[in-house]
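This report describes the fold of one protein chain, from its overall dimensions to a few local details. The sequence and structure come next.

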Amino acid sequence: MSTHEAKKTQRTVKLGATGPEVFPLGLGCMGMSGMYGATDDAESIRTIQAAIDRGVTLIDTGDFYGMGHNELLVGRAIAGRRNQVQLSVKFGALRGPDGSFGGNDTRPVAVKNFIAYSLTRLGVDVIDIYRPARLDPSVPIEDTIGAIADLVKAGYVRHIGLSEVGVETIRRAHRVHPIVDLQIEYSLASRGPEAEIFPVLEELGISATLYGVFSRGLLTGSKPRGPRDFRAHLPRFSGTNREKNEETVAALHRFAQERGMTPGQLAVAWVLARQPAFVPVVGAKTLMQLEDSLGALDRPLSKDDLTALDALVKISGERYSPEQMKHLDSEHG
């Protein structure tokens, strides 16, 4: 059996009680639209198409990534391959022409407006999983989920997901319509969901798609590339936190090398071992990064490895600025 065929026969993971079966890794496309510095559209499209060829089915994007650029890019990449992928789309974040963020809008009328543009940019008739990017404090979650449920009935959406919300919001949303997955940050550096959120997901039969598995490149040794790279403004990449984290990351890289792994593979393998029922979403921008992440599927970690990593990895600093953390529903239950 060829490597390509082997990847195609990898196990799948079901998203929630009512969701689709997906490949054990998803591809997150945000980084292909300038959030982490310069990008190359041609390389991005090659990467998405290579991921599909290797068996990856879940492609994650957002209508506000690059102010629509990312959806247009994904649409070009999946043309002629629509039946091979499940599209996960976030909506609701407001952007200005200068790239600034202006809050969130998840009013029912806005939901229908956002999806109309997403369907057009993606070049598709239906979105597999549609989710508000963040909780809009001015709109009851029941109203937002009800509006998406209307889109499900109309045939424009197949499944409903959530993103970065806490346990009470999850319960309220799930009472309106079955939720297939929660998208939330989770990595060696960000383990907050383990305490309360993951147990509630298990109770309700909801899966999770886990982004930020490299902690925005921190765990692989990547650094901000200029002031337009938004990581330059994140606590873990700044000041004394940066200095402390560089020491931890160096130790992590030695740990990976001793096991014949790259740091990226170690980060992905850790998530797969810790949460085998969930799906890591890797933010690969290039073919090389994609192949590196897929290599983690063939390098599982042992229980002893997990115990050793628990003792080794101590990350300094929050994942966002204090102002951003204040507005994250997932951080406040």
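## Terms and model

Two residues are in contact when heavy atoms of theirs lie within 4.5 Å. The packing described below rests on that cut-off. The model is predicted.

## Overall architecture

The protein chain holds 12 helices and 12 strands. Its radius of gyration is 19 Å, close to the 20 Å that the globule rule gives for 333 residues, so the chain is as compact as a globular protein of that length. The C-alpha trace spans about 55 × 50 × 40 Å along its principal axes.

Of the 333 residues, 56% are buried. The chain exposes about 14,200 Å², and carbon and sulfur atoms supply 53% of that area. Among contacts between residues at least 6 apart in sequence, 75% join residues at least 24 apart.

## The barrel

Eight strands close into a barrel with parallel pairing, in the order β3-β4-β5-β8-β9-β10-β11-β12. From one strand to the next, the twist averages 30 degrees. Helix α7 (residues 197–204) packs on the sheet, where it touches β10 (179–185) and β11 (207–211). The direction of α7 makes about 170 degrees with that of β10.

Strands of a sheet pair through backbone hydrogen bonds, in either a parallel or an antiparallel sense. In this barrel, β8 (residues 127–132) is joined by three bridges to β9 (residues 157–163), and these two strands run parallel. The bridge partner of I127 in β9 is V157.

## Strand β5 and its neighbours

Strand β5 covers residues 86–91, and six of its six residues are buried. Both faces are covered: Q86, S88 and K90 are buried on one side, and L87, V89 and F91 are buried on the other.

On one pairing, β5 meets β4 (residues 58–62) in the parallel sense over five bridges. There, L58 stands opposite Q86 of β5. Strand β5 also pairs with β8 in the parallel sense, over four bridges. The bridge partner of S88 in β8 is I129.

## Helix α3

The connection between β4 and β5 includes helix α3 (residues 69–78), and the three elements make a right-handed β-α-β unit. Seven of the 10 residues of α3 are buried, so the helix is largely enclosed by the rest of the structure. The buried residues are N70, E71, L73, V74, G75, A77 and I78.

What do the buried residues of α3 pack against? They pack against α2 (41–53), β4, β5 and α4 (108–122). The packing partners of α3 thus include β4 and β5, the two strands of its own β-α-β unit. Just after α3, G80 takes a positive phi of about 85 degrees.

## Residue L306

L306 lies in helix α11, which covers residues 303–312. Is this residue buried or exposed? Its relative accessible area is 13%, and the cut-off for burial is under 20%, so L306 counts as buried.

Leaving out residues up to four places away in sequence, L306 touches W270, A273, R274 and L301. G295 is 11 residues from L306 along the chain, and the C-alpha atoms of the two are separated by 18 Å.

Key
Residues numbered from 1 in each chain as written. Predicted model: local features only at pLDDT ≥ 70, side-chain atom pairs only at ≥ 80, totals over all residues. Heavy atoms only, no water. Buried < 20%, exposed > 50% of the residue type's maximum accessible area, 1.4 Å probe, protein only. Pairing = 2+ DSSP bridges. Right-handed = clockwise from strand over helix to strand, strands pointing away. Rg over C-alpha atoms; globule rule 2.2 N^0.38 Å. Areas by Shrake-Rupley, 256 points an atom, 1.4 Å probe, with all protein chains shown as cover. Axes fitted to C-alpha atoms, helices over the stretch in contact; angles between N-to-C directions.
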